[in-house]
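Thank you all for coming. I would like to walk through one structure this morning, beginning with its strands and ending with its charged side chains, so please keep the picture in view as I talk.

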Amino acid sequence: MAKVTMQYWAAARAAAGVDVEPVEAATLAEALDEIVARRGDDGRLRSVLATSSFLVNGAPAARRMAAGLVLPDEAIIEVLPQFAGG
C-alpha cells in the first residue's frame, strides 16, 4: 500500500469537506473507494467523483483505468471536478 495525498479542487473540496487528506491505497480505484467510504451515507463526494478528472503527480489518470493504476508512495492525487464553461 502506498501512502498518498488526495488534493481536492472547487466542488470536490466542498464535497470532501477538506482541502487535502492522506490515504493508504495500492491503486487509484482503492484510493477513491476509501475516500468515499470515509463519508458514509453522504453521497456528495461520490457524485462529484463520477464526473471528475484526476492527476497523479501531475499526469492525467483516466478513471476507466483506475483499477490498474498502481500508486507510487507519496503520490499527490488531484481531484478536478468539471468546471463551468468546459
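Which residue of S2 does Gln7 stand opposite? If you follow the strand across, you will find that Gln7 stands opposite Val20 in S2. Before I go further, I should say that what you are looking at is a predicted model, and everything I describe was computed from it.

Let me stay with that pair of strands for a moment. S1 and S2 run antiparallel and are joined by six bridges, and another of the facing pairs is Ala2, which stands opposite Ala25 in S2. On its other pairing, S1 meets S5 in the parallel sense, over four bridges, and here Gln7 appears again, with Glu78 as its bridge partner in S5. S5 is also joined to S3, by four bridges, and those two strands run antiparallel; within that pairing, Ser53 has Leu80 of S5 as its bridge partner. As general background, strands of a sheet pair through backbone hydrogen bonds, either parallel or antiparallel.

Putting the strands together, we have an open sheet of five, in the order S2-S1-S5-S3-S4, with mixed pairing. The edges are formed by S2 and S4, each of which pairs on one side only, and from one strand to the next the twist averages 30°. Helix H2 packs on this sheet, where it touches S1, S2, S3, S4 and S5, and its direction makes about 125° with that of S2.

Now to the faces of these elements. Which side chains of S1 are buried, and which are not? They alternate along the strand, with Ala2, Val4, Met6 and Tyr8 pointing to one face and buried, whereas Lys3, Thr5 and Gln7 point to the other face and are not buried. S2 can be read in a similar spirit: Glu21, Val23 and Ala25 make up its covered face, while Val20, Pro22 and Glu24 make up the uncovered one. I would ask you to remember Glu21 on that covered face, as we shall come back to it.

In helix H2, which spans residues 28-37, the buried residues are Leu28, Ala31, Leu32, Ile35 and Val36. Why do these five fall on the same side of H2? They do so because they cover an arc of only 130° around the axis. The face turned away from that buried side carries Asp33 and Ala37, which are exposed. As for what lies over the buried residues of H2, the cover includes the strands S1, S2, S3, S4 and S5, together with helix H3, residues 44-49.

Let me turn to the charged groups. The structure holds five salt bridges, and I will go through those that involve Glu21, Glu34, Arg38 and Arg39. Arg38 forms a salt bridge with Glu21, with the closest N and O atoms 2.6 Å apart. Arg38 lies in the loop between H2 and H3 and Glu21 in strand S2, so this pair ties together parts that are 17 residues apart in sequence. Their surroundings are not alike, in that Arg38 is partly exposed, with a relative accessible area of 39%, whereas Glu21 is buried, at 9%.

Glu21 also meets the side chain of Arg39 in a salt bridge, at 2.8 Å from N to O. This pair again links distant parts of the chain, Glu21 in strand S2 and Arg39 in the loop between H2 and H3, 18 residues apart, and here both residues are buried. Arg38, for its part, forms a salt bridge with Glu34 as well, with the closest N and O atoms 2.9 Å apart, and Glu34 counts as partly exposed, at 31% relative accessibility. Through salt bridges that share partners, Glu21, Glu34, Arg38 and Arg39 are joined into one network.

I will finish with Ser52, which has its place in the loop between H3 and S3. Is Ser52 buried or exposed? Its relative accessibility is 9%, so Ser52 counts as buried. The side chain of Ser52 reaches the backbone oxygen of Val48 at 2.7 Å, and, leaving aside residues up to four places away in sequence, Ser52 touches Val79, Leu80 and Pro81. Leu80, you may recall, is the bridge partner of Ser53 in S5, which brings us back to the sheet where we began.

Conventions:
Residues numbered from 1 in each chain as written. Predicted model: local features only at pLDDT ≥ 70, side-chain atom pairs only at ≥ 80, totals over all residues. Heavy atoms only, no water. Buried < 20%, exposed > 50% of the residue type's maximum accessible area, 1.4 Å probe, protein only. Arc of directions from axis to C-beta. Contact = heavy atoms within 4.5 Å. Pairing = 2+ DSSP bridges. Axes fitted to C-alpha atoms, helices over the stretch in contact; angles between N-to-C directions. Salt bridge = Lys/Arg side-chain N within 4 Å of Asp/Glu carboxyl O. Polar contact = N/O pair within 3.5 Å; in protein donor to acceptor, adjacent residues only side chain to side chain.
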